[in-house]
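This briefing is for a reader at the bench who has the sequence and the coordinates to hand. Please look over the model before reading the points below.

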Amino acid sequence: MFCYQCEQTARGTGCVTRGVCGKSPEASDLQDVLVHAAKRLATRYAGVAAAERPASLAPMLEDALFVTVTNVNFDTASILEKIRDVVAAAGATAAGVAVEAPEDTLLAWSRDSMIASRKASLGDDITGLQELLLYGLKGMAAYAHHARQMNRADPVVDAFMVEALAKLDAGVATVDELLALNLKCGEVTVNVLALLDAAHGDTFGKPTPTPVLMGHVPGKAILVSGHDMVDLKALLEQTEGKGINIYTHGEMLPAHGYPELKKFKHLAGHFGGAWMLQQREFPKFPGAILMTTNCLMQPFEEYEGRLFTRNLVAWPGIAHIDGRDFTPVIEAALAAPGFTDSVKTGEHLVGFGHDAVLGAADKIIGAVKAGEIKHFAVIGGCDGTEGERSYYTDLGTTIPNDWVILTLGCGKYRLLGHDYGTVAGLPRLLDMGQCNDSFSAVKVALALADAFGCTVNDLPLSIVLSWFEQKAVCVLLALLHLNVKNIRIGPRLPAFLTPAVLKVLVDTFGLKPVGEVDTDLKAMANAA
Ligand code: FSO
Ligand code: SF4
């Protein structure tokens, strides 16, 4: 195996014996085979007019890529099944391998497209740029998959997925073409983020500021993690009147802000912190646990019998729910003890999507003009295990009181538990939602730039990203496509970006690694 697609990659260079995430070498190799199969399938249809392509093509490519995103699927049997589906859809002749080929043959078939082979033949820079594009596509695939759960699709996104995968299959190998494709990936990411934003708003109503109980109440309980709010709604419907309370976990926290979800009285509160605390927190949850999407970690014995995976998420031996009949989850919750006491560790305000924030635009613009609000800091992205991520907590708590902090993604957990107070009558910490809601930050930045008659780069606004997996990669590409400059990213730079490629990004976009909090804060204030 060789995998360096996420931030926690071993020694900052690549996982080679087993994933830090818990991915086995066999699962890792099969994921590479699945990506290769997706590239072959894309090639099969790249020359076919979009209208003539089968309707199953786009969702199949999306799912093939989403399966390989960090912390989604660790189950070799399920990955192998997906490989065979994709090869069958490409056709044995176009794919170049038989559908029923044994694993060894599949590995040999895809060997030349593996990172190690390309590093040897094309060098680290080109391989890294190809992988940057692939990871951007994986992120885009995840967003497109979410939108498709609400029956939304965008032909521009579907077409780009085919075009870009086919280019990768053909071995596109010039720096200029790869940079252009990466920026195009960023452009199309804006489309998919807008699509998902509209789908969420239309399906669940527009989020509004809502306080969430961080704690629990007595009663049977189900914990819902991941990002899929369609699953959450189905579960809320199926548990209504059954005496079971539903709690959000991790990236599901923003669900409480949506009218069509918060109307369920048994959506009782939020349990736990960000994804990487699950092995410590899940044993303490006295009910069933449903993992709708990433981030899944290796389950511990204390809760593996109460854990369920859904859709593309899988771990060998863990019960998987096909479709949206959650009866097994409900039965497991009823069999578990549930909570016997009430605990409130705090309250967190969610629901500051672009509608809510821009609803207060006049107030915000007035406060900026009056000097009451001096600066906006977008601090968001992903959380992770590394100690260096305390940078984000230190940054959030050091930021002056006349700055507004916009946050999103599970990176927000680094900011919770501190009283930020208010500025100009607004909370200083505005939670814009999941990482899937990155569009809100883009929309607010563009609207402010419009109101002040300047570009986003001229606003008193700084963006500090915490990255972990591939959705963060496509969001970064989207910001670069929008020509947003001086973005800070951390806690570490991606292993797949070589010094030469980084130099291009630094020279063109002023992209910088996070540094020391005080120095960074001064630089942000001075750039305004
Ligand atoms: Fe976090 Fe995981 Fe949302 Fe990621 S739960 S880390 S960017 O997969 O998806 O923010
Ligand atoms: Fe390693 Fe991340 Fe790949 Fe897992 S996803 S194998 S942790 S680089």
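The points below cover the annotated site, two of its cysteines, a glycine, and the domains.

The model is predicted. The domain assignment divides the protein into domain 1 (10-203), domain 2 (210-345) and domain 3 (352-527). An unreviewed UniProt entry lists eight positions under "binding site", given in the first group below.

**Annotated binding site**
- The residues that UniProt lists as "binding site" in the unreviewed entry are His227, Glu251, Cys295, Cys382, Cys410, Cys435, Glu469 and Lys471.
- These residues are spread over 245 residues of sequence but cluster in space, with a largest C-alpha distance of 14.1 Å.
- From this set, His227, Glu251, Cys295, Cys382, Cys410, Cys435, Glu469 and Lys471 are part of the lining of the largest cavity.

**Cysteine 410**
- Cysteine 410 sits in the loop that runs between strand 10 (403-407) and strand 11 (422-423).
- Cysteine 410 has a relative accessible area of 9%, and because the cut-off for buried is under 20%, cysteine 410 is classed as buried.
- Beyond residues up to four places away in sequence, cysteine 410 touches Glu251, Ala274, Trp275, Gly381, Cys382 and Asp383.
- Among these contacts, Glu251 and Cys382 are also in the UniProt "binding site" list.

**Cysteine 435**
- The loop between strand 13 (429-431) and helix 18 (438-451) holds cysteine 435.
- Cysteine 435 is buried, at 11% relative accessibility.
- With neighbours within four places in sequence set aside, the contacts of cysteine 435 are Tyr143, His227, Glu251, Leu408, Gly409 and Lys471.
- His227, Glu251 and Lys471, which are among these contacts, appear in the UniProt list as well.

**Glycine 287**
- Glycine 287 is placed in the loop between helix 12 (278-281) and strand 5 (288-291).
- The relative accessible area of glycine 287 is 0%, so this residue counts as buried.
- Glycine 287 is in contact with Ala221, Arg306 and Ala336, leaving aside neighbours within four places in sequence.
- Proline 337 is 50 residues from glycine 287 in sequence, and their C-alpha atoms are 6.7 Å apart.

**Domain 1 against domain 2**
- The C-alpha centres of domain 1 and domain 2 are 29 Å apart.
- Domain 1 puts 19 residues into the contact, and domain 2 puts in 19 residues.
- About 1600 Å² is buried between domain 1 and domain 2, and carbon and sulfur atoms give 59% of that area.
- On the domain 1 side, Asn71, Phe74 and Gln149 lose the most area to domain 2, together 32% of what that side buries.
- Zero salt bridges are found across the interface of domain 1 and domain 2.

Definitions and conventions
Residues numbered from 1 in each chain as written. Chains lettered and ligands numbered in written order. Predicted model: local features only at pLDDT ≥ 70, side-chain atom pairs only at ≥ 80, totals over all residues. Heavy atoms only, no water. UniProt positions renumbered as here; feature names shortened; annotations may be inferred. 1 Å grid on protein atoms, 1.4 Å probe; cavity = no way out; pocket = protein on both sides within 12 Å on 5 of 7 lines; lining within 4 Å. Helix = DSSP H or I, 4+ residues; strand = E, 2+ residues; numbered from the N terminus. Buried < 20%, exposed > 50% of the residue type's maximum accessible area, 1.4 Å probe, protein only. Contact = heavy atoms within 4.5 Å. Domains from an automatic or database assignment. Buried area = accessible area lost by both parts, 1.4 Å probe. Salt bridge = Lys/Arg side-chain N within 4 Å of Asp/Glu carboxyl O.
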